[in-house]
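Trainee: I would like to go through this structure with you slowly, asking at each step what a word stands for.
Mentor: Good, let us look at the model together.

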Amino acid sequence: MKKYGVTIKHVVAFLLVLIAMLTWTWQYNRINLFYDSHTLAETKYCEMGEDIEYKGWKGDIDGYSCTVTGFEIIDADQFYKQYDLAKESVQLESDNKLILVHITLFNRYSKTQSPALSDLSLYGANYNQLMDFELLMQLNPNVDTNMQIMIPEGEKCELVIPFILFENDYKDRTWKNINNYTFFISIPASPLCQYVPLEGKGEK
């Protein structure tokens with residue numbers, strides 16, 4: 001008869017399976033906790049002209065606040081004329097439109113540079129649009145390559161945040177009425193999701 005017994009190999013195999021199961025369970029719970037914290041975060045809608053505080057997960061962007069003071073939706077030709085930029089320095093297609101969001105950053109008490117402006121995102125018309133970083137630096141020469149700016153404590157700085165809209169990203173009907181859609185700009189405030197609707201006639 002063949003004898004069956006518990007050997008060291010059996011014990012090792014069992015422990016390896018147990019460790020794998022525990023690791024998988026830990027990873028599963030960690031990922032779901034992260035997912036829930038982001039997707040189930042409270043949404044807060046603010047208003048243009050409202051002073052909105054930045055809040056970071058680690059407090060790294062605390063001390064700053066942002067006010068959306070206005071916006072404008074213009075086409076490429078209007079943009080070149082209004083901002084007196086050479087076409088060679090900013091490459092735009094004739095059918096491009098731009099949403100230029102005017103903000104004021106206020107350094108309440110921080111000793112560090114401003115939050116990265118790249119964290120500001122535009123939402124609306126069934127599309128999420130990131131800003132154009134090259135154009136951001138053209139319009140705001142005091143912004144560094146990290147998309148940040150040094151503002152002395154207690155002082156403010158006015159900035160223009162550019163978002164380029166491409167016609168082929170939208171349906172024809174949406175594009176023809178793009179000026180009538182309400183867009184939202186997001187401002188980081190973990191764990192909140194803060195949005196400011198850009199409402200009005202699209203003018204600063």
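Trainee: How much area does the chain expose, and what part of it do carbon and sulfur atoms supply?
Mentor: The chain exposes about 13200 Å², and carbon and sulfur atoms supply 54% of that area, where accessible areas come from the Shrake-Rupley method with a 1.4 Å probe and, for residues, only the protein chains shown count as cover. Keep in mind that this is a predicted model, in which local features need pLDDT of at least 70 and side-chain atom pairs count only at pLDDT 80 or more, while totals for chains, interfaces and linings use all residues. Residues are numbered from 1 along each chain as its sequence is written, and side-chain values use heavy atoms, with hydrogens and water left out.

Trainee: What makes S3 and S4 paired strands?
Mentor: Strands are DSSP runs of E with at least two residues, helices are runs of H or I with at least four, and both are numbered from the N terminus. Two strands pair if DSSP finds at least two bridges between them; strand S3 (residues 64-75) and strand S4 (residues 97-107) are joined by 11 bridges and run antiparallel, so by that definition they pair. One of the partners across them is leucine 105 in S4, which is the bridge partner of cysteine 66.

Trainee: Why are S2 and S7 said to stand at the edges?
Mentor: The open sheet has 4 strands in the order S2-S3-S4-S7, with antiparallel pairing. Strand S2 (52-53) and strand S7 (156-165) each have a single partner strand, so one side of each is left without a neighbour in the sheet.

Trainee: Which residues of H2 are called buried?
Mentor: Buried means under 20% relative accessible area, with exposed over 50% and partly exposed in between (1.4 Å probe, protein chains only), and in H2 the residues Ala76, Phe79 and Tyr80 are buried. They cover an arc of only 95° around the axis, which puts them on the same side of H2; the arc is that of the directions from the helix axis to the C-beta atoms. What covers the buried residues of H2 includes S3, S4 and helix H3 (133-139).

Trainee: What makes the link at the start of H2 a polar contact?
Mentor: A polar contact is a pair of N or O atoms within 3.5 Å; within protein, one must be able to donate a hydrogen and the other to accept it, and residues adjacent in sequence count only if both atoms are side-chain atoms. Here a side-chain oxygen of aspartate 75 reaches to within 3.3 Å of the backbone nitrogen of aspartate 77.

Key
Contact means heavy atoms within 4.5 Å.
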